[in-house]
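Work through these exercises with the sequence and the model side by side. Try each task before you read its solution.

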Amino acid sequence: SNAVNITDGMDGLAGGIASIVAVGVTVLALIAGWPPAAQYLLVPHVAGAAELGVLGGATAGACLGFLWWNCSPAQVFMGDTGSLCLGGILGYIAVVIRQEAVVLLMSGVFLLEIGSVVVQVGYFKATGGKRVFRCAPYHHHLHLGGWAEQRIVARFWIITVLLLVVGLASLKMR
């Protein structure tokens, strides 16, 4: 949940990534809730999981609606309350449908962002003030390196879509 909060630092970054991952958990919940699909893809069937597909779809739709006002330049901001809630919803659905590993794969950008903060803080404390990145989280490191905010956001969205495809494809490759 906090990884989404850490990622929420540029206009449209956390909302766009969360909407993509929410589409993924929606598909996973619908598969887990439909016995023939769950059996075919060798995933655990969870009775009532299709209802979580509705929650995931509503979350994706809410994030997409939010992006209308949050894309650069943002007129509305998510803040801690929204980002922590989004991370909690995505994590909750992943645990209930028993697809934590796949959702972690789809959430790779969130993990990269929180991992960059952990590395930066740990290295800073261990070396007495030296840094690995210009600034943490990683999207700020790229921004300080000269990348435009829209470029970072678009590239992280593309990476998340690719991770979503890999995560969903991994269901059949087991």
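**Exercise 1.** Decide whether threonine 59 is buried or exposed, and find what it touches.

*Solution.* Start with the cut-offs: buried means under 20% relative accessible area, exposed over 50%, and partly exposed in between (1.4 Å probe, protein chains only). Threonine 59 has a relative accessible area of 7%, so it is buried. Next, look for contacts, meaning heavy atoms within 4.5 Å. Leaving aside residues up to four places away in sequence, threonine 59 touches Ala22, Leu86 and Ile89. Last, place the residue: threonine 59 lies in helix H4. Helices are DSSP runs (H or I, at least four residues; strands are E, at least two), numbered from the N terminus.

A note on the source: this is a predicted model, where local features need pLDDT of at least 70, side-chain atom pairs count only at pLDDT 80 or more, and totals for chains, interfaces and linings use all residues. Residues are numbered from 1 along each chain as its sequence is written, and side-chain values use heavy atoms, with hydrogens and water left out.

**Exercise 2.** Compare the span of H4 with its expected span, then find which residues of H4 are buried.

*Solution.* The expected span of a helix is 1.5 Å times one less than its number of residues. H4 has 22 residues and should span 32 Å; its end C-alpha atoms are 31 Å apart, which agrees. Now list the buried residues of H4: Ala49, Leu52, Gly53, Gly56, Thr59, Ala60, Cys63, Phe66, Leu67 and Asn70. Seen down the axis of H4, these buried residues fall within an arc of 155°, so they line one face of the helix. The arc is that of the directions from the helix axis to the C-beta atoms. Here is the general background. An α-helix has 3.6 residues a turn, so residues three or four places apart point the same way. On the other side of H4, Glu51, Val54, Leu64 and Trp68 are exposed. The buried residues pack against helix H2 (13-33), helix H5 (79-96) and helix H9 (149-172).

**Exercise 3.** Which residues make the nonpolar surface patch of about 380 Å²?

*Solution.* The patch is made by Trp68, Trp69 and Val76. Patch residues have over 30% relative accessible area and no salt bridge; like charges are joined within 9 Å, and nonpolar side chains (Val, Leu, Ile, Met, Phe, Trp, Tyr) within 5 Å. A salt bridge is a side-chain nitrogen of Lys or Arg within 4 Å of a carboxyl oxygen of Asp or Glu. Accessible areas come from the Shrake-Rupley method with a 1.4 Å probe; for residues, only the protein chains shown count as cover. Take the tryptophans in turn. Tryptophan 68 has 65% relative accessibility, so it counts as exposed. Tryptophan 69, at 46%, counts as partly exposed. Tryptophan 69 is found in helix H4 (residues 49-70), and tryptophan 68 has its place in H4 too. Finally, check a long-range pair: tryptophan 68 and glycine 12 are 56 residues apart along the chain, yet their C-alpha atoms are separated by 9.0 Å.

**Exercise 4.** Which residues of H5 are buried, and what covers them?

*Solution.* Take the span of H5 first. H5 has 18 residues and reaches 26 Å from its first C-alpha to its last, close to the 26 Å expected. Its buried residues are Ser83, Leu86, Gly87, Ile89, Leu90, Ile93 and Ala94. Seen down the axis of H5, they fall within an arc of 155°, so they line one face of the helix. Their cover includes helix H1 (2-7), H2, H4, H6 and H7. Now turn to H2. There, 18 of the 21 residues are buried, so H2 is largely enclosed by the rest of the structure.

**Exercise 5.** Find where the backbone has a cis peptide bond or a positive phi outside glycine.

*Solution.*
- The bond from serine 72 to proline 73 is cis, with omega near -5°. Proline 73 sits in the loop between H4 and H5.
- The bond from alanine 136 to proline 137 is cis, with omega near 5°. Proline 137 lies in the loop between helix H7 (108-127) and helix H8 (138-144).
- Leucine 42 has a positive phi of about 60°. Its relative accessible area is 61%, so leucine 42 is exposed.
- Arginine 98 has a positive phi near 60°. Arginine 98 is in the loop between H5 and helix H6 (100-106).
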